[in-house]
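Thanks for coming. I will put the structure up and go through some of its local features, then the salt bridges, then the empty space inside.

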Amino acid sequence: MDRTGQVLATWVDLWTAAGIAETRKAAPRVETHRTPVRCGGARPRGALSGMIEFRHVSKIYGKVRALDDVTFAVGPGSVTGFLGPNGAGKSTALRVLVGLSRPSSGSATVLGLPYAEMACPGLRAGTLLDAGARHPGRTGREVLTLGAMTLGLPRTRVGEVLDLVGLTERESRRRIGGYSLGMRQRLGIAHALLGDPEVLILDEPANGLDPQGIHWMRLLLRHLADSGCAVLLSSHLLHEVEQVADRIVMIGRGRVLAQGTVEELSRGRGLEQTFLELTAHTDRSPGTGTFPGVDAGRGAA
Amino acid sequence: MTRAGHHPHDITRATPSPVTEDDTLDATVNGTVNGTANADRPIPFRRLLAVEARKLVDTRSGMIITLVMVGLVVASVVARGAVVRPKPQTLAGTAGIALGTLLPVLAILTMTGEWTHRTALTTFVLEPRRHRVLAAKSVPPLVAAVALSLFAMLVAVPVTAVVAEVGGIPADWDVQPIWLLGWTGVNVLVAAQGLALGALLLNAPAAIVISLTTPVLWAVVGRLGPVGAALAEWLDLNTTCAPLTSGDMTWGEGARLATSAVFWIVIPMAAGLVRLLRKEVT
């Protein structure tokens with residue numbers, strides 16, 4: 001199974017390198033696109049070519065390998081789901097990506113640069129790492145106003161992103177302490193969209209959203225991807241990812257287990273089965289007949 | 001407008017793909033992003049400054065502490081005016097008690113606020129150059145120290161006039177500029193001490209407790225024999241900055257002030273900066 005994952009990962013790397021990340025269309029066979037597209041001087045070294053790139057990123061805390069040689073890329077026009085049980089390293093990887101955490105080795109780049117070296121990253125990449133990490137005493141509108149001020153955006157942008165995520169004028173003037181998790185997620189996504197970014201990095205954005213909310217998010221992310229955005233979203237819930245993502249990177253115990261389109265990873269047996277098999281050896285999930293996100297999550301918690 | 005046109009250095013332009021070749025893309029999602037935004041320029045410092053100043057007063061706790069400080073300045077000036085000979089310098093000086101207590105608290109809260117509610121996750125994603133955020137956070141409390149010192153003086157003038165009028169006592173209008181400058185300097189140092197403590201500990205309760213208990217501790221240390229007395233003499237910032245207001249500071253006093261300022265402000269601030277730059281933000 002590991003070998004299959006490896007082969008698949010290599011396959012997808014090559015495929016991504018060919019610059020054809022438009023994954024919803026029937027995937028062209030990789031053999032016809034083996035030569036990576038080299039583009040100007042914009043793309044430095046290596047075989048990957050994506051708007052988000054992880055290159056052999058490892059992160060070691062003491063004796064724990066939180067990330068182990070993580071390599072993958074997210075190209076323009078795709079929604080990539082970063083799927084793995086709780087504690088698999090998803091959040092750590094995203095924190096490394098946006099420069100909040102330093103990798104022990106390897107590098108992660110956004111639009112070809114380490115995130116922290118971008119002049120004003122908030123205008124190129126929108127990030128939501130934890131919808132709960134807000135001052136409860138501020139109103140939703142105030143949080144967005146602070147973000148808009150920081151990025152030098154007109155205040156009218158605040159109203160626009162509020163409309164975009166479906167938060168009403170009245171809700172936006174309430175203190176965040178009274179928000180439901182779903183409202184906080186919407187606020188977080190609104191904040192990420194402030195700078196009209198080309199890249200979106202969302203950690204567990206579907207947590208707390210109701211089915212309508214997930215449907216709404218799918219449409220929004222699809223729309224953004226269709227306009228050229230690269231979207232990377234993490235989740236431990238397989239069905240959520242399945243609904244919104246067109247590509248999936250599976251991670252367990254800090255390692256990339258497999259990556260590819262939803263159809264590829266399903267391989268005729270369903271995505272769930274693939275996920276269970278891949279995570280069975282790396283996590284303490286029971287491994288059969290149960291919903292992996294839930295059980296793997298409990299096992300790892 | 002295409003996204004490639006929207007962002008001059010859009011990577012999608014360098015990577016031809018079916019998506020970017022379609023000029024009819026882009027959408028209402030993107031709305032009116034313009035203003036002074038420029039993805040290729042670092043965020044100007046004045047903008048960070050405006051944001052950090054706003055964060056200081058856009059929450060209840062920040063607003064309350066600011067209002068309480070203004071209120072206490074007025075109250076202490078008026079209260080002193082009721083009991084002493086009318087002299088603006090004396091009355092304004094009384095406000096130093098309130099400022100000396102609350103300016104460090106305000107400074108600590110601005111430094112530690114991001115970590116209490118983990119808003120650092122957002123702040124340092126928008127500005128990854130963390131030292132710039134630290135610098136922007138340092139300025140408002142220092143400006144507040146200057147502004148509140150001058151405000152105390154402004155309040156003291158009419159209070160003096162009223163007290164002199166009501167009590168029939170001649171007012172002493174003598175205000176030495178060097179005193180006002182020195183006294184303002186003391187308040188700025190006190191705020192800076194709070195900033196440094198907050199930056200070092202990144203924990204509001206711990207920093208506030210240390211800030212509020214040190215005067216008591218120094219009083220105790222000062223009585224612990226010659227060593228304790230020497231320590232207090234050189235390191236107690238409250239004592240060493242007192243000569244600032246007299247206008248005839250000696251070299252020895254200057255050396256003591258510098259020593260205690262290095263100990264309480266420069267060292268913790270430098271350590272806090274290093275800690276902040278290396279910290280994993282979670």
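B:L202 sits in the loop between α8 (177–201) and α9 (204–221) of chain B, where helices (H or I, at least four residues) and strands (E, at least two) are DSSP runs, numbered from the N terminus. B:L202 is not a glycine, yet its phi is positive, at about 50 degrees. B:L202 is also buried, with a relative accessible area of 14%; buried means under 20% relative accessible area, exposed over 50%, and partly exposed in between, with a 1.4 Å probe and protein chains only.

Before I go on, the conventions. This is a predicted model, in which local features need pLDDT of at least 70 and side-chain atom pairs count only at pLDDT 80 or more, while totals for chains, interfaces and linings use all residues. Residues are numbered from 1 along each chain as its sequence is written, chains are lettered from A and ligands numbered from 1 in the order in which they are written, and side-chain values use heavy atoms, with hydrogens and water left out.

A second residue other than glycine with positive phi is A:D69, near 55 degrees. A:D69 lies in strand β2 of chain A and is partly exposed, at 39% relative accessibility. Strand β2 of chain A, residues 64–74, also holds A:A73. A:A73 is buried, at 2% relative accessibility. From A:A73 to A:F54 the C-alpha to C-alpha distance is 6.2 Å, with their positions 19 residues apart in sequence.

Now the salt bridges. I count one when a side-chain nitrogen of Lys or Arg is within 4 Å of a carboxyl oxygen of Asp or Glu. Over all chains, the structure holds 24 of them.

Which parts of the two chains does the pair B:D40 and A:R124 connect? B:D40 is in the loop between α2 (11–14) and α3 (45–57) of chain B, and A:R124 is in the loop between β4 (105–110) and β5 (125–128) of chain A, so the pair crosses between chains. The N to O distance in this salt bridge is 3.9 Å. B:D40 is partly exposed at 39% relative accessibility, whereas A:R124 is buried at 10%.

The next pair stays inside one helix. B:E52 and B:K55 form a salt bridge at 3.2 Å, N to O. They are three residues apart in helix α3 of chain B, and therefore separated by about one helical turn. Both residues are buried.

The third example is B:E233 with B:R256, at 3.0 Å, N to O. Here the salt bridge links distant parts of the chain, 23 residues apart: B:E233 is in helix α10 (residues 225–235) of chain B, and B:R256 is in helix α12 (residues 251–278) of chain B. B:E233 is partly exposed at 34% relative accessible area, and B:R256 is partly exposed at 27%. As for networks, salt bridges that share partners join B:E52, B:K55, B:E114 and B:K137 into one.

Helix α12 of chain B also contains B:I267, which is partly exposed with a relative accessible area of 49%. B:I267 belongs to a nonpolar surface patch with B:V262, B:F263 and B:V266, and together they have about 340 Å² of accessible area. Patch members have over 30% relative accessible area and no salt bridge; like charges are joined within 9 Å, and nonpolar side chains (Val, Leu, Ile, Met, Phe, Trp, Tyr) within 5 Å. The areas come from the Shrake-Rupley method with a 1.4 Å probe, and for residues only the protein chains shown count as cover.

Last, the cavities. How many of 30 Å³ or more does a search of the whole structure find? It finds eight. A cavity is a set of points, on a 1 Å grid over the protein atoms alone, where a 1.4 Å probe fits but cannot get out; lining residues have an atom within 4 Å of a point. Points are joined across faces, edges and corners, and the volume is the space filled by probe spheres set on them.

The largest cavity has a volume of about 220 Å³. It is lined by 18 residues, and those closest to its centre are A:L146, B:K55, B:T122, B:T123 and B:L126. α3 (140–151) of chain A, together with α3 and α6 (120–126) of chain B, each supply at least two lining residues.

The second largest cavity holds about 150 Å³ of space. Of its 16 lining residues, A:T127, A:L128, A:H191, B:T122 and B:V125 lie nearest the centre.

Definitions and conventions:
1 Å grid on protein atoms, 1.4 Å probe; cavity = no way out; pocket = protein on both sides within 12 Å on 5 of 7 lines; lining within 4 Å.
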